[in-house]
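Here is a structure to read with some care, through questions about the terms that are used to describe it. Each reply sets a value against a definition and then draws the conclusion.

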Amino acid sequence: MEHPLNVYNNLTRSKERFVPIQSPFVGMYVCGPTVYNYMHLGNLRTFITFDMVYRYLVHLGYKVRYVRNITDVGHITTEFDEGVDRIGAQAKLEQLEPMEIVQKYTNNFHDVLNQFNCIPPSIEPTATGHIIEQIEMVKQILENGFAYEADGSVYFDVRAYMQKHKYGALSGRNVDELFENTRELDGQDEKRFFADFALWKKASPEHIMKWPSPWGEGFPGWHLECSAMSTKYLGEEFDIHGGGMDLKFPHHESEIAQNTACCGHGPVRYWLHGNMLTVNGEKMSKSKGNSFLPLELIAGSHPLLDQGYSEMTVRFFMMQSHYASTLDFSNDALKAAEKGYKRFMTAIDALEKVKAGTASTFSVDDLRRDCYAAMNDDFNTPILIAGLFECVKQINLMLEGKAALTDADLSDFKSMVHAFVFDVLGFRRENESAGNTKALDAAMQLVIEMRRKARENKDWTTSDTIRDQLKAAGIVIKDTKEGVDWMLE
Ligand code: AMP
Ligand code: ZN
């Protein structure tokens, strides 16, 4: 099978024709979440991006093994200082077991992705479930001379590595350059070089998550889990590795170094990095205080939000920009997406009502070619959506009797449009969504007004019937100082 998919290769910095190693099989690894708190909308963008990539590859007919890990050993704060166990810290804060923290936030992660119509991966391995594989990898790197032990910890030896290989090719960082911007080692540090990173870290007595190893009790370095688990499930060399742009360095750069130190070559043919969701141009991040949760976005319950937006409006908003571009959040942009999505889906729904004509007035093949051309050009979803709006235009013309398709062309057109809308872009018809809540609210305002009029006219039978029947339907109305409000019981 050959598909002309051009993807941007981060290592060669060019668009290259996608050639899976073992056609038609594709191995895809995506860095998953660190499960110590709720994921924010920025994290969600990255996972929706790779859901789209996965969906498109499956649509093209590839058999994709999609591996996305769960980081359930918490261990990193800054680029070079490893050792802070975020999961342990959160466990102390919430007075729960570390594994209760892991389960709680893993469940939330799954619930949210499901709500946004993301397909679960083929394999979802956890870091704690692969300690043995990680220890084996450390042993191999030590044996190959690219690591050293220091007081129960093992560090990757960047200088030894750089004598044979390049460190920094993926991120375009130059270690000497980095050196200028980084503090000098203070002599107390057990690392030999500032850029060395932990493969295995000795655990202090109070550290909760720790395991026995040949070097004593400790825990694996963050970068190691992805090297060990991707190799285990996808082999020493696989097709696509994804994650957010902020993982390029040091995480993915270090993954390449670890795999190369272990097996003599890099692990990945195509690196795909999703760009950041920003707020007023700044990366959305919990530590910056500019983040909100996907569920807050749906409810509209965050100071940054004017109103709630449905899951599919958010997905549409994200798909309207290319995955490798930054996307700035704003209420105006989301309101525009809400309108656009409604117009889009109204036409897709109306397609069911279109009747076939005796002759075709436009070419389905031309529209199809444009849609594939967009997606084959590095998963260009905004261009695909523009192509689908051309289809929307034709649907509306057909409804007005100004365009037509023969029976065979119409069914071809429908399956093409449905495949891109539902299978590739992952949209779904909305049911329990903010959009419906808005419609319900409008209807409720009408009912509340009818009840007010009934009461004004002292028509107690009508006003009591309204109240009782709403209650039976699970809706309560409350008289408040600001007026009458309603809520679901
Ligand atoms: P974490 O749980 O922090 O490792 O993040 C999970 C994923 O979300 C990673 O792939 C990050 O690169 C990605 N991510 C974090 N912040 C953002 C953001 N503001 N926009 C897009 N992706 C993000
Ligand atoms: Zn990773």
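A residue is called buried when its relative accessible area is under 20%, exposed when that area is over 50%, and partly exposed in between. The model discussed here is a predicted one.

Q: Why is Thr128 called buried or exposed, whichever word applies to it?
A: Thr128 has a relative accessible area of 19%, and the word buried is used for values under 20%, so Thr128 is called buried. Thr128 belongs to the loop that runs between helix 3 (98-115) and helix 4 (131-143).

Q: What makes the pairing of the side chains of Thr128 and Asp72 a polar contact?
A: A polar contact needs a pair of N or O atoms within 3.5 Å, of which one can donate a hydrogen and the other can accept it. The side chains of Thr128 and Asp72 make such a contact at 2.5 Å.

Q: Why is Met245 described as buried, partly exposed or exposed?
A: The relative accessible area of Met245 is 24%, and a residue that is neither under 20% nor over 50% counts as partly exposed, so Met245 is partly exposed. Met245 is found in the loop between strand 9 and helix 8 (248-263), and its C-alpha atom is separated by 4.9 Å from that of His273, although the two residues are 28 residues apart along the chain.

Q: How do you know whether helix 10 is enclosed by the rest of the structure?
A: Of the 9 residues in helix 10 (residues 311-319), 9 are buried, so this helix is largely enclosed by the rest of the structure. Among these buried residues are Glu311, Arg315, Phe316 and Phe317.

Q: Which residues are the closest to ligand 1, and how many surround it?
A: Ligand 1 is surrounded by 16 residues, and the closest are Gly42, Thr46, Asp246, Leu277 and Met284. By type, this shell divides into 6 nonpolar, 8 polar and 2 charged residues, and helix 1 gives the largest share of it, with 4 residues.

Q: What polar atoms lie at 3.0 Å or 2.7 Å from atoms of ligand 1?
A: A polar backbone atom of Gly42 lies 3.0 Å from a nitrogen atom of ligand 1, an N or O atom in the side chain of Asn43 lies 3.0 Å from an oxygen atom of the ligand, and an N or O atom in the side chain of Thr46 lies 2.7 Å from a nitrogen atom of ligand 1. Taken alone, ligand 1 exposes 490 Å², of which the protein buries 89%.

Notes:
Residues numbered from 1 in each chain as written. Chains lettered and ligands numbered in written order. Predicted model: local features only at pLDDT ≥ 70, side-chain atom pairs only at ≥ 80, totals over all residues. Heavy atoms only, no water. Near = heavy atom within 4 Å. Areas by Shrake-Rupley, 256 points an atom, 1.4 Å probe, with all protein chains shown as cover. Helix = DSSP H or I, 4+ residues; strand = E, 2+ residues; numbered from the N terminus. Nonpolar A, V, L, I, M, F, W, Y, C, P; charged D, E, K, R; others polar. Buried < 20%, exposed > 50% of the residue type's maximum accessible area, 1.4 Å probe, protein only.
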